[in-house]
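Reader: Got a structure here that I'd like to talk through with you. Mind if I fire off some questions?

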Amino acid sequence: MNDELLISLLSRFNFAVETFFSGDFCGANEFSENQNVSHLHFVRRGPVTMEHDDGSTIVAVEPTIIFYPRPYNHRLVVAPGTEAELVCANVQFKEAERNPFAQSLPDYLAIPLAEVDGIGEIVELLFARAATQSLGKRFMMDKLSDILVFEVIRHAMETGQLKAGILTGFADAGIAKVLTLIHENPAREWQVGTLATEASMSRSKFAKKFHDLIGISPAAYVADWRLDLAEILLRQGQPVKSVASAVGYGTPQSFARVFMERRGKTPTQWAARMKKPDSPEMEESGQ
């Protein structure tokens, strides 16, 4: 995937990082999937062990980034008599259940800093900022952590650690071209045959490859992308008739029918719900 496509996706499916702990740590701390946030841990000095419900563990002795891209039960343990230095953060992916970055990554990643060129300097800057009491300390730590999440995502893509989904599709030249066309022209009446031609494949080969890489059919992807864009326009206060036309539906009625089938509410009901106050801030995990 080139940088332009990656930036385009990030602008649609972005994320926010909120650091909540930095410094020396001993003992143990539980992180529950019920918190409904992802978690990022920077281990500068270990050993640190992450324990999981299935009995698997991660042991970080050297400087390591540990990332849980979706809510996931894990227990951070620093053995008695030892002390670790780390920074922990909550990561909130926008529209997490449909966010391709959150959904395409494995359940967790543990990346020694030595494996990724240049990332060590960013982590060192993060810890240097954590050690100060300067104005804007938390803001700077959050922004540096944003960069590190991006670097983790890029590392996972470059090392082939993605599950089926849109990110794997962008790694294939033919499918990437089709995805780009769909994203740029959502209102066009896309047919499988037309998309196959754009990908320089036969219809059957294209349909199979698309499903293998993305996880759904081309038609389902087009429908999903149209509704994703429709939600953006509805949030902006645009009328249902204008939204329907912008995302490729001939009438507001046909748009409303599909929206109801896939979202469980009419466009008007959905837009009204989005105007309610935002949900509470992410719950912080203490020491």
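Author: Sure, and one term before we start: two strands count as paired if DSSP finds at least two bridges between them. Keep in mind too that this is a predicted model.

Reader: Okay, which residue in E8 does Glu18 stand opposite?

Author: Start with the strands: E1 (residues 15-25) and E8 pair in the antiparallel sense, over 10 bridges. Within E8, the residue opposite Glu18 is Asn90.

Reader: And in E8, what's the bridge partner of His41?

Author: That takes us to another pairing of E8, an antiparallel one with strand E3 (residues 38-45) over seven bridges. Strand E8 itself runs over residues 84-93 and is mostly covered, with nine of its 10 residues buried. Across from His41, the partner in E8 is Cys88.

Reader: There's also an open sheet of four strands; which strands stand at its edges?

Author: The order in that sheet is E2-E7-E4-E5, with antiparallel pairing. An edge strand has a single partner, so one side of it is left without a neighbour in the sheet. Here that goes for E2 (27-31) and E5 (57-60).

Reader: In E7, what does Phe31 have as its bridge partner?

Author: E2 pairs with E7 (residues 74-78) in the antiparallel sense, over five bridges. In E7, the partner of Phe31 is His74.

Reader: Let's move to the packing: which helix gives the most to the largest nonpolar core?

Author: That core has 68 residues, and Ile65, Phe67, Phe206 and Phe255 have the most contacts inside it. With eight residues, the top contributor is helix H9 (residues 218-235).

Reader: How many residues are in the other core, apart from that one?

Author: Its members include Phe31, Ile58, Ala60 and Tyr72. The count for this other core is 17 residues.

Reader: Now the backbone oddities: which residues does the cis peptide bond join?

Author: Most peptide bonds are trans. In this model one cis bond has an omega of about 5 degrees, and its proline sits in the loop between E3 and strand E4 (48-52). The two residues joined are Gly46 and Pro47.

Reader: Is Ser200 buried or exposed?

Author: Ser200 lies in the loop between helix H7 (192-198) and helix H8 (203-214), and has a positive phi of about 60 degrees although it isn't a glycine. The cut-off for exposed is over 50% relative accessible area. At 68%, Ser200 is therefore exposed.

Technical notes:
Residues are numbered from 1 along each chain as its sequence is written. This is a predicted model: local features need pLDDT of at least 70, side-chain atom pairs count only at pLDDT 80 or more; totals for chains, interfaces and linings use all residues. Side-chain values use heavy atoms; hydrogens and water are left out. A nonpolar core is a set of buried Ala, Val, Leu, Ile, Met, Phe, Trp, Tyr and Cys residues joined through side-chain atoms within 4.5 Å. Buried means under 20% relative accessible area, exposed over 50%, partly exposed in between (1.4 Å probe, protein chains only). Helices (H or I, at least four residues) and strands (E, at least two) are DSSP runs, numbered from the N terminus.
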